[in-house]
Structures are given as C-alpha cells and as structure tokens.
2 protein chains.
Amino acid sequence: MKMLSLQGMFKPRSVMVVGISNKPENLGYTVLLSLREFGFPGKVYLVNPRLTEILGLKVHNSLEEIPETVDLAVICTSAEKVPSILQKIVDERKARWVVVYAAGFGELRTEEGLTLEEEIRRIIYGSEVHVVGPNCIGVYSFPGKINTLTGARDTYKLISELSGEGNVGFISQSGWFTIQFMSACVLRGVYLNKAVSTGNETDLTTTDFMECFAEDPEIRVISSYLEGVKDGRKFIETLKKTTLKKPVIIWKVGKTNVGKEAVKSHTGSLAGSAEIYDAVFRQFGVVSAEGNEDLIDYTVTFATCKSFLGKGRVGIVSGPGGFAVATAEACEKFGLKVPKLSSQTVEKLRKVLPKFAGGLLNPVDLTMRVGMEPELYRNALEVVAEDENVDLLIVVGNPPIYQTIKDLVKNLEKPVFAVLGYFKDFFEETKKLVKIGVPTYPSPEKAVKSIKALLNYQTYLEKKNVGSGAWI
Amino acid sequence: MKMLSLQGMFKPRSVMVVGISNKPENLGYTVLLSLREFGFPGKVYLVNPRLTEILGLKVHNSLEEIPETVDLAVICTSAEKVPSILQKIVDERKARWVVVYAAGFGELRTEEGLTLEEEIRRIIYGSEVHVVGPNCIGVYSFPGKINTLTGARDTYKLISELSGEGNVGFISQSGWFTIQFMSACVLRGVYLNKAVSTGNETDLTTTDFMECFAEDPEIRVISSYLEGVKDGRKFIETLKKTTLKKPVIIWKVGKTNVGKEAVKSHTGSLAGSAEIYDAVFRQFGVVSAEGNEDLIDYTVTFATCKSFLGKGRVGIVSGPGGFAVATAEACEKFGLKVPKLSSQTVEKLRKVLPKFAGGLLNPVDLTMRVGMEPELYRNALEVVAEDENVDLLIVVGNPPIYQTIKDLVKNLEKPVFAVLGYFKDFFEETKKLVKIGVPTYPSPEKAVKSIKALLNYQTYLEKKNVGSGAWI
C-alpha cells in the first residue's frame, strides 16, 4: 500500500513548501527556485505566517489556508518546529508525503534529539501521512520534474545540469552523497531516473523505496548508499524479491568498528555486522560495491550494457599494448576467461592487420599503428566478435575511438566495453560511447571488475531460473 | 658510467632525426614539429637521401655529412632499415644515444624479428653507442626541452599541453602508456620531470633509467610501468639502493598466466613469477601499485605530500557525512588509526561548530551547514590539527574548499589530504589544492589507500635508519 503511493510521491501533482522565506539563503526559497528551474508543472503552495508573496506566488499564512491535501510537503524549518507543523499536517490531512530537511534528531544521540525524533514517530503513527527524513534532502524525479535536493547553496542549479533521461533509481542515507553520486554518474554518461535521500529513516526506509523502485518500469537499475537498516527482516525479504527483477547495487558502509561509530553520529542507523551483510548480499544476488569507485563503475555498467555476457569469455582488441596486457591480466585476476581465438579468426585477422601486430593472440594487439589507421579497430572487432569462443569484447583505445566504432557496435550482437585511459577528453568520449550501449572506463581494472560483477548477477538470475530475460 | 651519460640524454645539446620526410604523417616530421613546439634550444640535424630542406631546415643526404657526434639520434624508419643505420652511427661515431621507434623485433617472436633484434645487440656491443627501444617512443624531459614521444599522430601537440615543471620521473615499457600516464597525472595536478618509454629494452633497461633517476636531483619520485626485467640481479641491487633515496612506485603487470603471455607479444619481456616480484618489492620498500588507478593515486600522493606522517593517525574533518563515514571506514580497512580527539579539542570544537554537528568525534561532522558557512572547515581543521593524537588531516568537502583552506594549510605543520567527490570541477580544484601541497582524490578509498602507501614507505625508511629526512 505504501509502495503504490510512494510512486505518487515521485510524480506529485502538488507541492507545499512550509517555512519558506524570501531570503536567497533560505532553504524553502531554494526549493522553490529548484521547482521552477526544473519546470515542475503542478500546483505549488507556500506557507509563511508573515509574507503575502514570494517571486510572484501567493503565500499562505497558515497551513489551514491550504485548500487541498497536497501530494508532497517540504518542511524547511529547524528541528524544534517540525513536530507542531507535522501535527497540523496530520490533523488536517494537508499532505500525503512530507520531506523533513532538518538535522538535529536521533543522530545527535542527545536526549533532546532522540525525543524530537520519537515525537515524529508518535505523530504520524497510524495516520496516512508518511515522512522522508529527517536529516535528509528529499526526492528527485526526472519524469516527475520534482527536485528537493537543494541542501547546499546553488545545488538547485547544479541538479538542473545533472538531469537527463536515465534508468537508475538511487537510494541514499547520505544527502550530500545523493548529489555527489548524481554528478559522478553524469560525468560518466549515465543519468538518474529517480533518487531519494532518506536521512534518519524515522518512517520511510531504504527498504520502502527499494520496493517502490522494484515495481517502477522506468527504473532498470537500483543503486544505494547504505549505512544500516532498522527493518532487517523486511529488508532481506525485499532484496530477495527485487534482485530477481533488476540489479540492486549497494555500497554498504559501517562495516568496521570506526565505520559503525561514524554511522551512528551521521544518521543514527544501526550499522550491523559485516558478516551478516556480506552473507545476505551473497545469498540474494546483491551487487556489493566496496567503495565509491565501485558504486559508480557498477552503476555505469549495469545501466548501459543490455546484453547477455554468456560465459563471460573476453576478446580484447587493443591499440595500446600496455593496457592490453593490463586488461588481460585484470581478467585473470577477477576470474574472467581470455580464450585463444580460433584458427579461422587468426587467419582473418592476418588479412586486416599490419604484419608487425603482435602474435594475433588474445589480446589482439593493433600496435601504435592505430594512431594512423583507426579503422583497424573496426576491422579487428568485427572479426573477433565472430569467434565462437568469445562472448564479449573489450576495446582498448584512445578517446577518438567512438567515431571509428559507432556504426559497427550497433550491429554487433555481442556486447562491447571500452577502456580509454585518463585523457582530457575521456569524459566527453565516454558519454558518446555509453549512449550507444558501450560502458566505458578510464582503467583496465575498473572495466574488468565491473564486467565480472555484471556476469555474477546474470549468473545469479540463471541459477534462480529467472533467466537474464527478466531483466535484459 | 652509463648512468652519468644517461643524464646527458635528457638534456641533449644536439638531436638528429634519421628517416624524416616532409609528409605530415611521417614520424620524423612529427618529431621535428615536437622539438619546435617544445622549444628545444639545441642543434637539430635532419637526414633524408632525397630532400634538401624541411620546414626551412637543411636536410643532410647521408649520415656521413653530419659534422659532429650528436647527443641523441632518433631513428624513424621501419625495422628492416634499422641495423644498417645503426651500423653507420657506430662506425662513424655519429651519435651517443639512439632512440629506435620501429616495432617488428623480438616482440613478434618470429625468426625475422628475433634476428633483427639480435643484430641491434651485436652492432652496438662494445661500442659507446646506446639504444632506447626498439618498439618504443623514446624520451621526454621538461628541463631539457626534449620530447620524442610522438608515436601517435598529433601527440606532439598533446605533450606540449601536458608539460610543466614536475618532480616525477617515469619509466615505462609501454609507449602509449607513457603518454596516458602523463595525461592522467596532469589532470590530477602533477607533472613529469622526465619520462622514458623503453620498449623491448634490447640495450638500455628500466634498471638503467632507475639508476639515472635515483641520482637526478630534479626527480623526487620514480614511477614505473613494468612488464618484466631481463637483468634481474642488477634490477634488485638498483632497487635496493634507490628506495633508500626516493620512492619507487611500480605497477608490475604480467604476474598472471594470461598477463605473461600478453607481455611476451607486447615487448617480448620475461614477466617472471608474481611471488618473486612481490617478495622483492616488499623487502626493498617498493611502493607496489595494483593497477592504473593506484599508480596514478600513489604518484599524486608522493609527488605532492612533503611531510612526515608520524604514526599515521588520521583526523577527519568533513561536511559531507556519507564520505566522512566512508573515509573513517577506509582508514580501518587499510590499517590507519582514527583516534578519539582529546577533551580539549572537543571543547574547542564545541565553540566553533553549530550545535547539531554530530558528536564532535572523529570524524568531525560539520554537516551540510558548511554549504552556507564554508569557514567552518578552516575553524575545525585548525583545532583538530592541534590535537596531539592526530598526525595528519583528511578534509572531505565540495570543490570550493580551496578558497576556504588555502591560507590555513600553508601554516599547518601537519599534512592535509582532500577528498572531494566527482564533481564537474573536481579536476580544476584538485590542481589548485595539489599546488599548495594537498594531495586530492575523488573517492575516500583512493585517498586512504594512498596515504597508507606513503606511510609504509616512510616506515621503511625509518626501519632502514635512513629516516624520512633523506627524502622529505
């Protein structure tokens, strides 16, 4: 029940901003700017007891004046004022979903903070009002044109830049990290469809949003920054069902002692035992990220690649010899096979490559000559893709590779991944490649580790007799 | 003896380009453009039997016409022509150092290739002529204003962009990777002082250049991409001496079976056993990089940080809570202590921080408020730096952090490292921070892993009774 309505929260028809002022640094003011910048098409209500107009919009002096039950209320006051506002919203049915920005609750571990958080819980108990937060920055939805992620000054502008049609749903217990992750993905050519910063999860939890995103046809990949769960059993049940439908990539922090302590003062979550999380993630096919880099790389990979990896046997086609070696080596390290190419393949390669190309083995080394003859990439990829020992291709090259392979890639049945190195135009090139379905990485080890994670997930689906078909 | 002269190779007084034509795609032509672009101040000789002038410079029709022994000759012909040219150079003493670009030698593992490489060896045996390569792109030296790294079309322009005053010496058995590494470092604010692509190492080896860089006062950090060594004993002896003077960061590839095979067809090197390399690296304090990312991160760290890390106890000051947690966790994972702050420190922090700042523990969580009040960073850093339990600081923040901390950092005695996340302006901000001695990273795990590597190296120096003083 919660689930269905949660989807409404990401496409609200009306939004109410409580605690807005007309000062540029006011949080509510930036939320309003954000809604405008993002082109939110619904009704916007503003509440402030002492103002009549902000940016040409009427201001209501009390909650009572709001003429309807709005879909989403955003409370921008300090922590102490939250309970009384929330009580009014509940009593008079003024909103369905409420985002509470303020910090200063349970995460402080002071009596005052814990009491305030308990009050939120008490006020909404049994009502139809649900709360995101507190200590969070709320929701983002590209299709719903709604964005409350304006915690930091000028973030609303940034988010507009970071918006685009995407297929990733992101759930984060860190507010800042929500924006950071969005930014990191966009740099790599991948966009978020929806995102939520859940903060202290006094009411709505990561699990609730996972359940919601599991059913959301606009979301293909769920990624999450997780400090801890309060609803352990439900979390596991939800994971179990969700991973059969779409990949769930989780960066779980708070596994070490120091990490657990840090989690407590950040969101007040129970970080839990590393062993339990690891076991659950393994058992239920969760794609476990070991850090920020993994979370980004895996998300890029899962959001972009839409093919079966079969047995995951890799054909490597490379101009740069050093990265060819490193890619082959990373494959062995992370457990991917780099098979010998068939004699027919070698025969065909001989015809299209310069005679000093190394060995015609796998990796296929095109040598520095590709700097002069970039079409060697196309020729070699086409030949290697036909080899029955190869399930997927990794192409290693300089940024201008997109021009050379774009038409080829559209017609290849086997997936192609690209490793480009850190050239200045890496980010521009990667965006173009990702757009044509080629996940792209700066370093060999990042590519290979990600491909292995994708293969593991596809293998999990197969073992569960779901088949990758359910997802791909 | 070789060593002393090698330094001359990086500051040649004269350069000769053999096999130059006036076609834009000609390798020798791009070498000439590169020398001009880079402002090489010495004498340049061009050799082509059928031309009289290229870009306004006189062309000699034969080697015999060259009136002196040039410091550096660059042979830009195909493999077959190399032996006869080299023979003339040796017989008539026309050059001291020779770069041979061409591939098509031992790395092919064909009879023809192996024979050609053997010829090079035979021709220079006992002479005073030494060869870099073949199958390489030669040398780069910022102070010497010499750059032959023009293997790919238009690379000479790229290198000009990538040049700046730096303190890193780079030795690479991969040509493309030489440019890639340079580019990666520059994106992160670090510049190479000298670089060499050593290719098949028929004559001059990684070891020779390590010996040279060990003595070079302009080089503070030696980094290397290594496929294998042919002079095992000498390599180990050189490592042993060099690491007592300055850090040697090595990314060794070819440790796995697939990797070894790939190495053979790339440079024909003997990749050797993983166990032996690991043991040698550990014993002699080599900073071992596990991949491209490590090599870059470690190089940035060692080239930038110029302080003792003491016992490596970390104080974390953070606005973003999620990255604060992740940084603390990474510290525990990689074996760095995150101590409790003294009661005096906590007392002082109370005065400068908003009351909702989490716990005043370590990490010090400044909350999203720093978006509004960036000076909180400065205040908190200053206080935490005074804590006697803290040896170094990690500051976690948004890119605009440079403006806030620049003056503070100059006066702090303890080193500061920064974690910024992948925002669009990450690379711009990192350059500014690195310039003031703050190594900067996009992700917590990258920062912490690098700090640990630096601490390990400093501990190695202490164990050897050299003291970090020898290097810092």
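Here is a short dialogue on reading the interface and some backbone features of this predicted model.

Q: How many residues does the contact take from chain B and from chain A?
A: It takes 75 residues from chain B and 75 from chain A.

Q: How much area do chain B and chain A bury between them?
A: Interface size is often given as the accessible area lost when the parts come together. Here, chain B and chain A bury about 5,900 Å², with 62% of it on carbon and sulfur atoms.

Q: What is the count of residue pairs in polar contact between chain B and chain A?
A: There are 24 such pairs, both residues at pLDDT 80 or more. On the side of chain B that touches chain A, helix 12 of chain B gives the largest share, nine residues. That side divides into 36 nonpolar, 21 polar and 18 charged residues.

Q: And how many salt bridges are there between the two chains?
A: The count is four. In one salt bridge, the side chains of A:K424 and B:E161 meet at 3.3 Å, N to O.

Q: Which peptide bond leads into B:P363, cis or trans?
A: Most peptide bonds are trans. The one from B:N362 to B:P363 is cis, with omega near 5°, and B:P363 sits in the loop between helix 13 and strand 16 of chain B. Another cis bond joins B:G133 and B:P134, with omega about -5°.

Q: What about phi of A:N465, positive or negative?
A: Most residues other than glycine have a negative phi. A:N465, not a glycine, has a positive phi of about 55°. This residue lies in the segment after helix 17 of chain A, and at 71% relative accessibility A:N465 counts as exposed.

Note on methods. Residues are numbered from 1 along each chain as its sequence is written. Chains are lettered from A and ligands numbered from 1 in the order in which they are written. This is a predicted model: local features need pLDDT of at least 70, side-chain atom pairs count only at pLDDT 80 or more; totals for chains, interfaces and linings use all residues. Side-chain values use heavy atoms; hydrogens and water are left out. Contact means heavy atoms within 4.5 Å. Buried area is the accessible area (1.4 Å probe) that two parts lose on being put together, summed over both. A polar contact is a pair of N or O atoms within 3.5 Å; within protein, one must be able to donate a hydrogen and the other to accept it, and residues adjacent in sequence count only if both atoms are side-chain atoms. Helices (H or I, at least four residues) and strands (E, at least two) are DSSP runs, numbered from the N terminus. Ala, Val, Leu, Ile, Met, Phe, Trp, Tyr, Cys and Pro count as nonpolar, Asp, Glu, Lys and Arg as charged, and the others, Gly among them, as polar. Buried means under 20% relative accessible area, exposed over 50%, partly exposed in between (1.4 Å probe, protein chains only).
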